[in-house]
Amino acid sequence: MRVGVKSMIWYTNKLLRTVLDGLFVDHTGIENVKALSQNPNHRVVMMPIYKSYTDFFIQTFIFHYFQIEIPFTYGTRDQPYYIVEFQKWLQSCGYIFSDRT
């Protein structure tokens with residue numbers, strides 16, 4: 001498990017318990033992803049469409065909960081979140097930043 005993932009799981013768990021009544025997951029779809037990811041002849045590419053880092057947190061939480069290898073995530077570096085420590089933490093969780101220019 002990557003360095004920052006454990007703290008991300010803890011924070012996401014606290015946030016979800018405080019903010020949401022529940023998180024509904026398509027178990028059939030998750031089991032399909034899990035089966036594909038365990039096959040060495042297949043590579044699974046997750047392509048979330050998101051406008052915030054929340055999807056990254058939730059996807060990581062779900063993968064951890066269902067014991068699926070947590071993938072790297074590729075995304076842009078947005079100006080409002082240009083906080084060096086926050087970016088270092090996300091990178092330690094597997095987030096790969098790119099600039100839009």
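Start with the aromatic rings: rings of Phe, Tyr and Trp (its six-membered ring) pair if their centres lie within 6.5 Å, and by this rule there is one aromatic pair. Select Y65 and F66. Their ring centres are 5.2 Å apart and their planes stand at 75 degrees, so the pair is edge-to-face (planes under 30 degrees apart count as stacked, over 60 as edge-to-face and the rest as tilted).

The model is predicted: local features need pLDDT of at least 70, side-chain atom pairs count only at pLDDT 80 or more, and totals for chains, interfaces and linings use all residues. Residues are numbered from 1 along each chain as its sequence is written, and side-chain values use heavy atoms, with hydrogens and water left out.

Now colour the two residues by accessibility. Y65 is exposed at 60% relative accessible area, whereas F66 is buried at 12% (buried is under 20%, exposed over 50%, partly exposed in between, with a 1.4 Å probe and protein chains only).

Keep Y65 and add L16, G22, L23 and F61. Of the 13 residues that line the second largest pocket, these five are the closest to its centre. The volume of this pocket is about 250 Å³. Its lining has eight nonpolar, three polar and two charged residues. Show helix 1 (5-19) and helix 3 (54-65) next; each supplies at least two residues of that lining.

Last, select Q91 in helix 4 (residues 84-92). Q91 is partly exposed, with a relative accessible area of 43%. Then add G4: its C-alpha atom is 8.0 Å from that of Q91, though the two residues are 87 apart along the chain.

Terms used. On a 1 Å grid over the protein atoms alone, a cavity is a set of points where a 1.4 Å probe fits but cannot get out, and a pocket is an open set with protein on both sides within 12 Å along at least five of seven lines; lining residues have an atom within 4 Å of a point. Grid points are joined across faces, edges and corners, and a volume is the space filled by probe spheres set on the points. Helices (H or I, at least four residues) and strands (E, at least two) are DSSP runs, numbered from the N terminus. Ala, Val, Leu, Ile, Met, Phe, Trp, Tyr, Cys and Pro count as nonpolar, Asp, Glu, Lys and Arg as charged, and the others, Gly among them, as polar.
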